[in-house]
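Trainee: Pick one part of this model and take me through it slowly, please. I'd like the surroundings as well.

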Amino acid sequence: MPKIEFKNSIIQYKKAVKKLPTNDAVRAICAQEVIRAYQFLEIVFWELECDPMPLLTSEIQRLTSSFEGISSHYNEKFYSQRVMHRDNSKSRIANSRAKLDVKEVTGRLYSSLFTKFDAASYFNEATDLLKERIERNDVGFEWFKGKKGLDAGCGGGRYTVALSQLGAKKMTGIDYGKDNIADAKSRIKKAKVDGVNFRRCDVLEIPYKNSTFDFAFSNGVLHHTTDPQKGLEELYRVIKPKGTLWIFLYGKSLWWEMMELLRLVSLKVPRELTQNLMQLMGYAPNRIFKFLDSLHVPIIESYSAIEMKSMLRKAGFTDLVQLNRGVRTQFFRGVNEILKDGGPYAKTRWGAGELRFIAKK
């Protein structure tokens with residue numbers, strides 16, 4: 001499939017999305033279309049080993065045709081007025097996420113996701129996954145065992161607890177999601193977990209003194225913020241000299257290029273609508289998290305390995321070690337493992353993969 005056809009298809013797609021009306025019926029149909037497209041892309045990227053370009057071009061063209069049809073059927077002035085008669089503040093807020101404070105929107109999104117995890121997913125799954133990832137990358141446990149750590153952007157606190165269960169002496173989890181922090185505090189209180197505490201704050205303005213923690217852990221957080229470089233500099237500031245940072249950011253890939261196309265549609269749709277629809281369709285909380293994490297968070301950035309190393313060094317970190325091994329689960333299917341296996345078109349699909357580094361102050 002010539003690249004020019006792929007690019008031309010993207011141009012037509014963007015034009016079709018731009019013309020989409022914004023009434024309630026359109027939002028519901030668009031949510032269904034995006035869910036269907038996301039499922040298709042998962043098959044292309046994780047399960048097939050053929051050249052993805054013809055399939056992706058065909059799917060973009062299908063979506064373009066669908067959105068053009070939606071516009072022609074649902075853009076009549078009378079219909080739009082009829083279905084848009086409600087005008088409550090909650091609806092206006094939900095449909096104007098881009099105009100709101102990014103921290104507030106991001107916090108609410110992840111709070112709505114992490115609080116749905118059951119006890120097994122919260123206390124067992126994260127611990128097992130982290131342990132397996134550490135062992136596969138052969139970085140040992142000494143960098144955090146018996147030490148005081150910070151989980152920066154802890155979400156619901158699963159990995160904060162996991163690090164404690166794997167040997168950290170004292171863990172502090174910080175997150176801007178108010179409900180996330182409340183839920184995390186409630187869970188550890190009921191489970192009688194010692195040595196773990198949570199605090200609501202901004203990862204770009206960490207309210208702790210210089211050199212407070214022996215190590216910091218930030219797992220898939222800073223690429224959702226307005227200033228990832230500042231976030232790295234804050235982490236450097238609060239880590240003690242010779243302390244360790246564990247950091248994960250998205251790597252540039254064809255996957256994220258496709259996600260940006262779907263985000264053009266999904267960000268026009270209230271997150272609650274998509275989430276409720278997926279719940280009605282029987283999706284597990286982990287599955288819903290993976291979907292909304294990709295498509296409904298306000299900001300997503302991705303980087304090359306060179307770019308990420310440059311950011312870490314600019315913040316002051318040294319002794320950078322890239323963690324190239326991943327883990328496979330039902331819902332998180334081992335991007336770095338696909339790259340390691342080196343199957344046909346793996347690099348075409350996944351580019352830089354998942355960028356995880358351990359670094360020293």
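**Around the largest cavity**

Mentor: Let's start with the walls: the lining of the largest cavity is made up of 7 nonpolar, 3 polar and 2 charged residues (nonpolar is Ala, Val, Leu, Ile, Met, Phe, Trp, Tyr, Cys and Pro; charged is Asp, Glu, Lys and Arg; the others, Gly among them, are polar). Keep in mind that this is a predicted model, where local features need pLDDT of at least 70 and side-chain atom pairs pLDDT 80 or more, while totals for chains, interfaces and linings use all residues. Numbering runs from 1 along each chain as its sequence is written, and side-chain values use heavy atoms, without hydrogens or water.

Now the names. Trp46, Trp255, Trp256 and Trp350 are among the lining residues, along with Phe248, Tyr250 and Val335. Gly251, Ser253 and Gly353 also line the largest cavity, as do Lys290 and Glu354. The space they surround has a volume of about 100 Å³ (a cavity is a set of points on a 1 Å grid where a 1.4 Å probe fits but cannot get out, and lining residues have an atom within 4 Å of a point).

Strand S5 and helix H11 (254-266) each put at least two residues into that lining (DSSP runs: H or I over at least four residues for a helix, E over at least two for a strand). S5 covers residues 239-250 and pairs with S4 in the parallel sense over 6 bridges (a pair needs at least two DSSP bridges). Thr244 in S5 has Phe215 opposite. Going from S4 to S5, the chain passes through helix H10 (residues 228-238), in a right-handed β-α-β crossover.

S4 itself, residues 213-219, has 5 of its 7 residues buried, so the rest of the structure largely encloses this strand (buried is under 20% relative accessible area, with a 1.4 Å probe). S4 also pairs with strand S1 (residues 148-152), parallel again, over 3 bridges. There, Leu150 faces Ala216 of S4.

For context, there are 2 cavities of 30 Å³ or more. The second largest, about 50 Å³, is lined by Leu20, Pro21, Thr22, Val26, Arg27, Cys30, Val265, Lys268 and Val269. Helix H2 (residues 24-47) contributes the most to this second lining, with 3 residues. By class, the second lining splits into 6 nonpolar, 1 polar and 2 charged.

Zooming out, the protein has 16 helices and 7 strands, and 52% of its 361 residues count as buried.

Note on methods. Buried means under 20% relative accessible area, exposed over 50%, partly exposed in between (1.4 Å probe, protein chains only). A crossover is right-handed if, with the strands pointing away from the viewer, the path from the first strand over the helix to the second runs clockwise. On a 1 Å grid over the protein atoms alone, a cavity is a set of points where a 1.4 Å probe fits but cannot get out, and a pocket is an open set with protein on both sides within 12 Å along at least five of seven lines; lining residues have an atom within 4 Å of a point. Grid points are joined across faces, edges and corners, and a volume is the space filled by probe spheres set on the points.
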